[in-house]
Amino acid sequence: SVVIGSTVAGIIRRASSSVCSFPIVQANKLPQVSLQRRRSSNPSLLASASNANMRVTESSTTITQNKKSRSIPKEETGIYSLFDKYPESDGRGVKIAILDTGCDLLASGLTGTTSDGITPKYIDFLDCTGDGDVPMNHTVADFDYATKQTVVGLSGRNITMGEWAKDVTTLKMGAVRLYDLLPRGVETRLKRERKEAFMAKHQALISETQSSLDKLNQLNLPSLDKGNTSGGGDNKEASSGDTKIDPQVKEVKELKLLLEQLKKIKESYDDSGGPLLDVFMFKDEGSEEDIEAVWKAVIDLEANGDLTNSIPIAPFGYARQVGELAFGSYVTFCIQVYDNGNILSIVTDAGSHGTHVAGIAAAYFADAQEQRDDLNGVAPGAQILACKIGDGRLASTETGTGLIRALIAAKKYGCDLINLSYGEPSWQPDSGRVSQVFSDAVHNWGMTVFTSAGNDGPALSSLGSPGSLSAPITVGAFVSPEMMVDQYSTLPPQEEDSPLQGASYYFSSRGPTPDGSFPDICAPGGAIAPIPRHSLQGKAQYHGTSMSSPNACGVAACILSAVRQNGITNCGPIELKRALRNTALSTAGIVDPFAQGAGLVSALDCADYIISNHGKDGQNLDIDVTIPERNQARGIYIRDEIELDGPMTFGVQVKPRFSHSIQRTSSEMDELLSLELDLQLKASEAWVTCPSSMTLLSAKERNGQTFSVRLNTEELPPGVHFATVGAIDASDPKRGNLFSLPITVIIPHSKFVSVNEPTFALNDNEHVSLNENGVDVSTTFELIQGSPNRRFLTVPRGAEWATIKVKSNQPSITSTSPRVLLHAIPFVRGDLPNTECQLKKIYQVKEGVEEDYHLRVKGGSCLELCLQLLWLANPSPASITADIEFHSLDVRSPTLIS
């Protein structure tokens, strides 16, 4: 199947109602017979995933008294407070689509049911990449098991069928290499293990052959020459016609030849493709009138041609069957069938990432409910639709086609929430086909998309995609002091140090985007969660914005459960997003809006907000806010010093976004005509001036409404400054912002130094100095745990690269040298991803040792130099001096430079 550049028909093929060539039975409506755990004599075919460790219990109130979650953080987001106020608000009835590397269907906490003890945890598992597709183009049309039980497979092996084939008349055949189905890490492990096993046996055979040869050589046997076939020229007893060869002499020759061949086999060992597995498929017509025909597959998992004990496996959504690939891989799989049996999709995961993400969102450990340590995911009552978008052929990289297929599949299965902990560098947000489908998923299909901000911080403007898009809820990564202790065994601070503080992870990508947009919220960005069995461990500790996104998604599932208990069944994506942002809490610790957005998600406050404000005018209405004169930017972002000398008044366009059909209904017309909200506009900082009010109308005739914002930046100190202009319902201020405009202004530190005044003091311990040449800059940094420290420098005109020299400026007072992350971004102009121009290094600060780094720069642009202490290594402060030297080859004329 085509993966990249696929036609729309090819995309729909995989996610439409013809995902399988038979009616799909909803997982929560399976007949009781399918809930019975099946045991098979075939070790490669495991029990139904929905039934392993199944325990059917009555729905009960979620008890959180004395609970603590060390593995998957929950206290930080107030989940237990939500459970206490709204019992059974643990995600029950909510469907989450996990768009990732795929999941291990038998991983701990993810096999069996949701917290109600009845509903299967997995809805289905789909491969949206096509990397497990097996063409089934060869057909055995006249198969008769009664007369012939063998078939020649595409591997060339004679395949012996089992009793399962006695009613089969037509077989479809295919073949696939084992390694084509395995995650990259498992493939590497299996190749190593198979080679070690082969070499051990092969070397034993070589040693045995050499030993036999050595024993014969000790007998001083005559050589076997062409002219002396009897074994010796002086053998007078032999007749002249005797050509008999001494058997031992002949054996020596054969052993030598064997030894030579064994060594060549050892040298030419090749296991690049792995075993070739024959695959057969047939249509089971069923034995009862009410059971429709279904495609089933049988795979020669052992690659030995023996299928006598194999059990046919049906698509997962039909019978919830799960198999396991052989040869010690421990990789579980299910199947899907496409194109009326012409394509068999063998669905495996492409890595451990997806299982870990699914575990954070919705793992449920039925046997651990009495333990004080809460092992469950954030929303153990939620169901999971696993969509594999990480293509194994591309080292688990996602493609646009895979993303679109997965979004369409999520729509088909009626998912409420989508989690996408995947991303790439961003430089043109809200453009392209994938961006449009994300927008459709949110605005037209009613699904809320959560996505990770990216792991490319701590410098500004490092936000990745799709986190830079407008439609999803973008989540940054937060770490609390409790997480530092529980998950990272962080050393306690020394007596003279400040206590541990909650903060954004240093790697969490920061806003603003080139057009001024920010992450929406933040959530705990680390967890100890289940990973696939093929990783040879049950759980792992991962951290990243990949972990914060499913945490927030799980919180949202619990919130939806709570509001549905209160009769609100139509809380849509816009209403949920507005509630999450308006109730987010300022973090207790180091506040960083560039990484945390509106703040830390708060489950109970969000649920109460929705219940209190649902149904109010404009509550579920998305409102686009842009700056037309800055190419429809979503915020105001002043970065380069030259912009500070320009006009500081900006026109803001406000445009309600209605998700209406082309032929509007009467209710949709009423919505357009009745919209009239009296809004109070308020700036968060004194250096921003805005009108006091505006009346929000549908404004279809004028394509939106406008107001102006004026910035007064002349008195701002050096550094980065953030503000917002919020719009609040004047008649109901408790609703919070119906929309907000983010504003970021950078005042370069270099603006405050000159030849006449070469030094500017930032505080008692930090300064910026202009060197004697009037070009290069020196600055000092005082680094504390969890807080990025930034310097902004205007690059001299004509400069082409910079040398950054860093060193410690004080004797080490601790036994360990601190580790520091240096992140420099030379310019942000929206024409290049930050990853293509940035400098990012982690170095160990050592007394008396200077480190040099080089970076391409652009004259006139603002260079950010950001240093952050890595708290994982050492929470003690550090003092750093950085010298920034600018260079030019000076090969371009002044005209070209300008």
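**Burial, cores and a sheet in a predicted model**

Of the 898 residues of the protein chain, 56% count as buried, where buried means under 20% relative accessible area, exposed over 50% and partly exposed in between, with a 1.4 Å probe and protein chains only. This is a predicted model, in which local features need pLDDT of at least 70 and side-chain atom pairs count only at pLDDT 80 or more, while totals for chains, interfaces and linings use all residues. Residues are numbered from 1 along each chain as its sequence is written, and side-chain values use heavy atoms, with hydrogens and water left out.

Student: How many disulfides does the structure hold?
Tutor: A disulfide is taken as a pair of cysteine sulfur atoms within 2.5 Å. For Cys 103, which is buried at 2% relative accessibility, the nearest cysteine sulfur, that of Cys 387, is 9.2 Å away. The number of disulfides in the structure is therefore zero.

Student: Why is the sulfur of Cys 415 without a bond to the closest cysteine sulfur?
Tutor: Cys 415 is itself buried, with a relative accessible area of 5%. Its closest cysteine sulfur belongs to Cys 387, and the separation is too far for a bond, at 6.8 Å.

Student: Which helix gives the largest share of the largest nonpolar core?
Tutor: A nonpolar core is a set of buried Ala, Val, Leu, Ile, Met, Phe, Trp, Tyr and Cys residues joined through side-chain atoms within 4.5 Å. The largest one has 66 residues, and Ile 559 is one of those that touch the most other members. Helices (H or I, at least four residues) and strands (E, at least two) are DSSP runs numbered from the N terminus, and the helix that supplies the largest share, eleven residues, is helix 10 (residues 545-565).

Student: With which residues is Ile 559 in contact, leaving aside its neighbours within four places in sequence?
Tutor: Contact here means heavy atoms within 4.5 Å. On that criterion, the partners of Ile 559 beyond those neighbours are Leu 82, Leu 576, Leu 580, Ala 603, Cys 606, Ala 607 and Ile 610.

Student: Which strands stand at the edges of the open sheet of six strands?
Tutor: Two strands pair if DSSP finds at least two bridges between them, and the order in this sheet is 33-34-35-42-37-40, with antiparallel pairing. Strand 33 is joined to strand 34 (residues 767-770) by three bridges, and Ala 761 stands opposite His 767. Each edge strand has a single partner, so one side of it is left without a neighbour in the sheet, and these strands are 33 (759-761) and 40 (851-856).
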